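Q: Please examine one part of this model closely, beginning with a single residue. Then relate it, in a connected account, to other local features of the backbone and the packing.

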Amino acid sequence: MVPAFDASFVRLWFALRKIDGVIGVGFGPKIVDGDLVSPRQLVIYKTDKDSAVPDDTGAEIRLPRLSKRRITVRDRTQDCLTDYQWLFWDKIDRLNKRQRRQARADTTHRSAQSKKSKKKGSGPAALPAMTTRVVDNLYVIHDPAGSLVTQVGTETTINFVEAYRQFRREFGDDYDFLAFFVDTESGMPDIGNGSTPIFSDVTGIGRTIPDTRADWNSAKLRLCSHFTWVTLRTMLHEPAHLWCSYVHYRRSAKGPREALLHADFAGAPDQSGLHWGRFVEDGVSCMDYDRCDWHDNRDGTFHRFNHRLDETSPVRAKRFGYSPLDLYLMGLIGPGEVPPWTMICDPTPPINDNNFGPYTPANPPGAFQLSVQNVIFENGPRTPDHLNSPRVFHQATIVVTKDTDPNAFFIAEVAADQAEHVPNFRRATRGLAMMDCSLLRDNHGDLYIKHTPADDGTPSQSGDYFNSPDLWIRNSPDGKANFDSQMPIPGQDSWIYARVRNKGARPYQNVKVNFYVTSTAHLDVRYPNDWHPDRLIGTAIATVPPASGRGSSRADGFAILEVRLPSERVPAPAGASVLCEIIPMSVEPTKLHAVWENRKLAQRLMA
Ligand SMILES: [Zn+2]
């Protein structure tokens, strides 16, 4: 089911994209004096105040907000710039090219004039060029002259299409997500945090996304995000805009559409359609703006717990995640796994982040329960469902800075943030999805681990693929010389070993192996679900040397990695397995899959 609104939005979107002065097209609820006038009001963003745009569409026409303002309400600066959701990046790219040509012309002109007046001498230096470097898993763009900085009317942004073009000179089209970290301290503009969906084939989430992969010269990208301030919560928030939070609901199958999931929104009302409003009890969801939880006092009143300070707490920052409804919209759980949630509407006193309550909901609409069925009434079922949605994502992390120092603190900071985000995404998705944030060197396909003795890295279901000869358990740490697997001895520590192979001619550095245990029946083990963060045993890192020899004497290069399996983590052995995954993870398959389908996974049945 593609609702009529989506079809007409896409038609309008493509028509308006052809018009010069239009820099983006979006929609959001229109609220006048607190009343919902339209749940999905079309918004046309014009490039600058003098741009000619059609005024016969009934759309709200306004300028996009692309840079952070200095505003006194501190909270407001902690939210994302939603206008980025609707931007035409190919137009930003063209604007930037024009502005760079102009800047070059101006420089040449000044240089010629200066030569004329001085006769001799070198004149002013040309603008310092953009340079790039790879620092472990970060791609760094040093742009001292700010040539990526793009003026859009009175607003400023960064030409991420050009930045991605630079990235693609060294890396493949292997990434679902782009995450740009913008160094404002170096003089880059503060464009806040935001994201633009690039491609989606999902229905039932209240948002059709026109396919703009061609603008990025990519067949793989799904979303581009950027950050000028970073918390674990924001790193969960921005990529989730690929799916969340756009849906409305109906009370009954044939009832009218209601917009209370986005009501009483603290930010600009026309942007509220992208986040959960304050009436929703959405638990730990990172997709609201209030960072508050409702607590039912069971006497008709509710308390409201403000968790805003948790976001910047080194200890409690991990409390934010995704609600069951978020996970459903992301395609990670089925509708049957989403418990009903409470709506607390128009309470007395009015919601105030500094007031703990108690709050008494108005009557009506008062407090009521919604379930995922109410969302399905309005949006249709989420398609593809959780069994057929992608679970394995790759994200490229790209630093944009004016600083030319390769040892700049900002680079190290981004590396640390990204390293924390990887396990945090896994935790927040309950292990149902994984985001590999490593940069894939062009020989990443040479790395593999054998599923069976005959396995050469080609997926095959033949043989006991759940008994990898490259994954074994030892009762003492002697596994680098002893390759047969032993049963763990109760009450004693064991050691797990993995042999990662390289069939290529070049070494691969910083290969990471994560070791897990699972009690899932060995034939039912699926990736990534059974590589669950709660059952992570440990991680080891090594460089895997290249293959050696020629012809029939050619042998894989390999490295053996080891972790200790503490006695208290040993599962009841009957039917339990030890698992490992190699990072960088394969780009394919992306959906739930068995161990034999993926050369970066191994399983060893303990029985
Ligand atoms: Zn947002």
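**A buried lysine and further local features**

A: Lys-46 is buried, because 21 other C-beta atoms lie within 10 Å. A residue is called buried if 20 or more other C-beta atoms lie within 10 Å of its own, exposed if 12 or fewer do, and partly exposed in between, with C-beta atoms placed from the backbone. The model is predicted, so local features are reported at pLDDT of at least 70 and side-chain atom pairs at pLDDT 80 or more, while totals for chains, interfaces and linings use all residues. Residue numbers start from 1 along each chain as its sequence is written.

Lys-46 belongs to strand E2 (residues 35-46). Helices (H or I, at least four residues) and strands (E, at least two) are DSSP runs numbered from the N terminus. Beyond its neighbours within four places in sequence, Lys-46 makes contact with Gly-21, Val-22, Ile-23, Ser-51, Val-53, Ile-61 and Leu-63; contact requires C-beta atoms, placed from the backbone, within 7 Å. Gly-21 lies 25 residues from Lys-46 along the chain, yet their C-alpha atoms are 5.5 Å apart.

Burial also marks helix H7. Its 20 residues (409-428) should span 28 Å at 1.5 Å a residue, and the end C-alpha atoms are 28 Å apart, so the expected and modelled values agree. The expected span is 1.5 Å times one less than the number of residues. H7 nevertheless bends by about 25° at Val-422, and Pro-423 follows within four residues; the bend is the angle between axes fitted to the seven residues ending at a position and the seven starting there. Val-422 is itself among the buried residues of H7, which also include Phe-410, Ile-411, Val-414, His-421 and Phe-425. Polar and charged side chains appear in that list as well, among them Asp-417, Gln-418, Asn-424 and Arg-426. The elements covering these buried residues include strands E4 (131-135), E5 (138-142), E8 (177-182), E17 (392-401) and E18 (434-436), together with helix H4 (232-240). After H7 comes Arg-430, with a positive phi near 55°.

The largest nonpolar core has 138 residues. Such a core is a set of buried Ala, Val, Leu, Ile, Met, Phe, Trp, Tyr and Cys residues joined through C-beta atoms within 7 Å. Ala-163, Leu-178, Ile-398, Val-400 and Val-500 have the most contacts inside this core. Apart from its neighbours within four places in sequence, Ala-163 touches Ile-141, Leu-148, Ile-158, Phe-180, Ile-398 and Val-400.

Ile-158 also closes strand E7 (155-158), which runs antiparallel to strand E6 (149-152) and is joined to E6 by four bridges. Strands count as paired if DSSP finds at least two bridges between them. Within this pair, Gln-151 stands opposite Thr-156. Two residues separate the strands of the hairpin, where Gly-153 has a positive phi near 60°. A second hairpin is formed by strands E13 (292-296) and E14 (302-306), antiparallel over five bridges. There, Trp-294 has Arg-304 as its bridge partner. Five residues lie between E13 and E14, and Arg-298 takes a positive phi near 60°.

A broader arrangement is an open sheet of four strands in the order E23-E22-E25-E26, with antiparallel pairing. Strands E23 (536-544) and E26 (601-605) stand at the edges with a single partner strand each, so one side of each has no neighbour in the sheet. From one strand to the next, the twist averages 20°. Strands E22 (508-518) and E25 (577-583) pair over seven bridges, with Val-513 matched to Ile-582. E22 also contains Asn-510, a non-glycine residue with a positive phi of about 55°. Asn-510 is partly exposed, with 15 other C-beta atoms within 10 Å.

Most residues other than glycine have a negative phi, and most peptide bonds are trans. The loop between E25 and E26 holds Pro-589, which is joined to Glu-588 by a cis peptide bond with omega about -10°. Another cis bond runs from Thr-348 to Pro-349, with omega near -5°. Pro-349 lies in the loop between strands E15 (341-344) and E16 (367-370). That loop also contains Asp-346, whose phi is positive at about 40° although it is not a glycine. Asp-346 is partly exposed, with 19 other C-beta atoms within 10 Å.

Notes:
Axes are lines fitted to C-alpha atoms, for helices over the stretch in contact, and angles run from 0 to 180 degrees between N-to-C directions. Two residues are in contact if their C-beta atoms, placed from the backbone, lie within 7 Å.
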